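I opened this notebook to keep track of what I looked up in one structure and in what order. My plan is to begin with the ligand and then work outwards.

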Amino acid sequence: MPQSRKIIIDTDPGQDDAVAILLALGSSELEIVGITAVAGNVPLKLTQNNARKICELAGRPDIKVYAGAIRPLTRELVTAEEVHGKTGLNGPQLPEPTMPLQEQYAVDFIVETLMREESGTITLCPLGPLTNIALALIREPRIAPRIKEIVLMGGGFFEGGNVTPAAEFNIYVDPQAADLVFKSGIPIVMMPLDVTHKALTSSKRIQAFRQLGTKVGTATAEMLEFFERYDEEKYGTDGGPLHDPCVIAYLLKPELFKGRRCNVSVETASELTMGMTVIDWWGVTKREKNATVMRDIDHDGFFALLVERLGRLN
Ligand code: BDR
Ligand code: CA
């Protein structure tokens, strides 16, 4: 069997973050070296707690979960309880976790892991604001060339924004951190709203999770039923976009996605367009191509993968 790919999931669960974590846990091709929590959808106290709830739901209390940044680099924290509910994980009744939160600060864990492991073997998977990743790069710039790849959910261009007309939530919450990451020279694959808005849940797709007849399947169905209601109303669609699992699905089956290499620049000055990801899709500038930006997804293949992999968990 080929060696599994080592990943660090940096996350702010969030129901869609939770499904991304479950997808990784159900996939033997991936080894989760650690999960680092960041403030985003809800405050850090809840995101680190939610990450542990999900590991326990999947029967994996051995996964190491670390708490990171309590707030963005320079701006006040903006949260999204209107989407995710008060706990960030509204929907199922999940027990309080008993597995420990690691004592080490998430940023130190990221730095230490990258400096210890063989260079080019660790992939970072940010599913929330990029604060922890930016802090790690500031703390120890020598980690940058050691990172295999950053595959992240964030930004949007043709679809516009979801938290302001111009900005997507993860980038809007910490635009300074995102700016630093996009300027780092690290290979980046970006899953913007342009692709995640094509990965819609639907009652039929949610039913497929429920029909797994497992704890994970039922909890996933309950999470997604709660999660989609806000976006269904906002966008008038049957189902809501399942953003963060696109990151993990890409690691497992990159052929599900189509995109191109472009320059991505982050707006950090204008309040009107703060956090906008300006994507030079048509190559109209000479700015360096710094990310592979995905725009299309085989959504049936994506949901089939999700159901199959979550089906491997109890
Ligand atoms: C992103 O924001 C969060 O609400 C989701 O978890 C996802 O990471 C989508 O804009
Ligand atoms: Ca998220």
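These entries cover the ligand, the pocket around it and one peptide bond in a loop.

Entry 1, the model. I note before anything else that this is a predicted model, and I keep that in mind for every value below.

Entry 2, the neighbours of the ligand. I looked up which residues surround ligand 1, and I found D16, D17, N41, H84, L127, M153, N162, E168, F169, N170, H243 and D244. When I sorted this shell by class, I counted 3 nonpolar, 5 polar and 4 charged residues.

Entry 3, polar contacts. I then went through pairs of polar atoms, and I saw that a polar side-chain atom of E168 lies 2.5 Å from an oxygen atom of ligand 1. In the side chain of D17, an N or O atom is 2.9 Å from an oxygen atom of ligand 1. For L127 the partner is a polar backbone atom, which is 3.0 Å from an oxygen atom of the ligand. I next asked how much of the ligand the protein covers. On its own, ligand 1 has 280 Å² of accessible area, and the protein covers 96% of that.

Entry 4, the place of the ligand. I checked the pockets and found that ligand 1 takes up the space of the largest pocket. Two elements, α1 (15–25) and α6 (169–173), each give two or more residues to the shell around the ligand.

Entry 5, the pocket itself. I read a volume of about 270 Å³ for the largest pocket. It is lined by 22 residues, of which A80, V83, H84, N162 and F169 are the closest to its centre. By class, the lining holds 9 nonpolar, 6 polar and 7 charged residues. Which helix gives the most to this lining? I found that α10 does, with 5 residues, while α1, α3 (81–84), α6 and α10 (215–235) each supply at least two.

Entry 6, a peptide bond. Last, I looked at the bond from P13 to G14, which is cis, with omega near -5°. I placed G14 in the loop that lies between β1 (5–11) and α1.

Key: Residues numbered from 1 in each chain as written. Chains lettered and ligands numbered in written order. Predicted model: local features only at pLDDT ≥ 70, side-chain atom pairs only at ≥ 80, totals over all residues. Heavy atoms only, no water. Near = heavy atom within 4 Å. Polar contact = N/O pair within 3.5 Å; in protein donor to acceptor, adjacent residues only side chain to side chain. Areas by Shrake-Rupley, 256 points an atom, 1.4 Å probe, with all protein chains shown as cover. 1 Å grid on protein atoms, 1.4 Å probe; cavity = no way out; pocket = protein on both sides within 12 Å on 5 of 7 lines; lining within 4 Å. Sits in = over half its atoms within 2 Å of the grid points. Helix = DSSP H or I, 4+ residues; strand = E, 2+ residues; numbered from the N terminus. Nonpolar A, V, L, I, M, F, W, Y, C, P; charged D, E, K, R; others polar. Points joined across faces, edges and corners; volume = space filled by probe spheres on them.
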